[in-house]
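Q: I'd like to learn how to read a structure, starting from one residue and working outwards. Can we walk through this one together?

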Amino acid sequence: MSIDTQPSVEPRPIAEIAERLGAPAEACLPYGRHKAKLDLPFVDSLRDRPAGRLILVTAMTPTPYGEGKTTVSIGLNDGLNRLGKKSVLCLREPSMGPCFGVKGGATGGGFSRILPGDEINLHFTGDFHAIAAANNLLAALVDHRLQRGGEPALDPARIFWRRAIDMNDRALREIAVGQGGPANGVPRKEGFNIVAASEIMATFCLARDREDLEARLGRMVVGRSPDGASVRAEDLGCVGAMSALLKDALAPNLVQSLEGNPVLVHGGPFANIAHGCNSVIATRAAQALGDYVVTEAGFGSDLGAEKFIDIKCRQAGLQPSAAVIVATTAALKLHGGVALDAVRGENVEALRLGLVNLRRHLEIVRGFGVPAVVAINRHDTDSPAELEAIREGVQYAGGEAIISNHWTQGGLGTEELASRVAALADESADAVQPLYPDGMPLIEKVETIATRVYGADGIEMSDETRAEFESLQAEGFGELPVCMAKTPMSLSADPKQLGAPTGFTIPIRELRLSAGAGFVVVLTGSVLTLPGLPTRPAALDIRVNARGEIEGLR
């Protein structure tokens, strides 16, 4: 169902949504009629308030089209509010790359949506543009230092900083710059990341406030000097200018669900490359304003949930009280051996085989000490026998599965799920258990994730990559958490290995230091930091109709 064919509801004035959230009129900075930013001084004033219960929505290993974490999150939040709970939803901002690629937007669907969907999925309040501008300003100053000189000098063969674009454009993954003679700069190899995979996006989302953001921006390592020393953004003198570009973006964005409940949509790092969570600033503000906060972390629990706990919660001091693992009959049948184009037909036997994947994700979440329930994201092609098989399979694993009918019924279709999740959160001891201690060596942190989360026998790498680990450890970065960049289509690094594979290793290809974000990115397998377009891009179906409305945006 595309945005233009979904239930039509006129959004309420954003000032009314701010009032419902508990934000005074002067703290609501409108961006048009139906979206706004919360003034940062108001957000800062909330710091000493008690924190609401934090509920994480994650998922089993998805199909290429996703299993509906966003729609479940929206429906769950609406359901909690229907039950009289003051609940606030925190989501990531969509990247335009997937909107024009294969996955579409990220504003939900059916009767479980946030509004205004087309604006949120495209330019929204300009946050992504600001992050791309700050990223590319730094890139321009890197090349300026190479061209004009200055101290510390930069070695053109050891520049780590890449440019950024919010589009799936494979031609920009590896490029050459400085061509055409000395007036055009120093020739060197370069490349682009998608904005959602950039270090500035990750840094922006993990910053506590503007002061913390500026400190983090200054720590970002852009390259090496000729003698091998790290050169940081602060050495180029551009932290103030980058902060100026990000000034307005740092304020959380306020929108609403189809049922008029407040939603904070802020920041958008990918979970297969970056840490996959909305901003710390928005999460903390929501916890101060609500008794419950529903948030999501991208892809399956092996990526989003692991990074949510080992990176975001570790850095921000957050404690999730409950988790929801989203499952669909389609994903279960895919992991049971059914071809992707046939997963909508009934196949209880294959579904039961695919339950091995869902049970593995239950184990992953439980391993962090977070109580969890499975939400079955129901589709109209699901048969009663398939739904019962999921309930039985989850129950056999000591869990509980609840059908969620949010797509067709909105919050009404999630009341059972919402009631159970609220009870889990209220009973929680808030004793989240990170996977590894800060002091564990970097390479052991990677091995721990590979074996305990992915189920691998271990990791493999070249001598050069092993030397990168040793170099980062020696430079004092060993205390940082690791951010695994891995395919989301499998628990392994091979997207073709479905279910719960065993007897495999995780190939480590490259390390990238994100000193500003405060983690080390570990690239595995063939994962890319700038996606490409599919055979038939979604962009081919998007247009503006005669009424000035956007059509075809999924």
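A: Sure, let's start with a residue and its neighbours. Leaving aside residues up to four places away in sequence, V43 touches L38, P252, I281 and A285. Keep in mind that this is a predicted model.

Q: Which helix is V43 found in?

A: V43 sits in helix α2, which covers residues 40–44.

Q: Is V43 buried or exposed?

A: Buried means under 20% relative accessible area. V43 has 9% relative accessibility, so it counts as buried. For the protein chain, 61% of the 554 residues count as buried.

Q: How far apart are V43 and T107 in sequence and in space?

A: Sequence separation and distance are two separate readings. V43 and T107 are 64 residues apart in sequence, and their C-alpha atoms are 24 Å apart in space.

Q: What share of the contacts between residues at least 6 apart in sequence join residues at least 24 apart?

A: In the protein chain that share is 75%.

Q: How does the radius of gyration of the protein chain read against a compact globule, and what does the C-alpha trace span?

A: A compact globule with 554 residues would have a radius of gyration near 24 Å, and the protein chain, at 23 Å, agrees with that. Along its principal axes the C-alpha trace spans about 70 × 60 × 50 Å.

Q: How many helices and strands does the protein chain have?

A: There are 18 helices and 24 strands.

Q: And how many positive and negative side chains are there?

A: The protein chain carries 55 positive and 67 negative side chains, with the centres of the two sets 2 Å apart.

Notes:
Residues are numbered from 1 along each chain as its sequence is written. This is a predicted model: local features need pLDDT of at least 70, side-chain atom pairs count only at pLDDT 80 or more; totals for chains, interfaces and linings use all residues. Side-chain values use heavy atoms; hydrogens and water are left out. Helices (H or I, at least four residues) and strands (E, at least two) are DSSP runs, numbered from the N terminus. The radius of gyration is taken over C-alpha atoms; the globule rule is 2.2 Å times the number of residues to the power 0.38. Buried means under 20% relative accessible area, exposed over 50%, partly exposed in between (1.4 Å probe, protein chains only). Contact means heavy atoms within 4.5 Å. Lys and Arg count as positive and Asp and Glu as negative; His and the chain ends are not counted. The place of a charge is taken as NZ of Lys, CZ of Arg, CG of Asp or CD of Glu.
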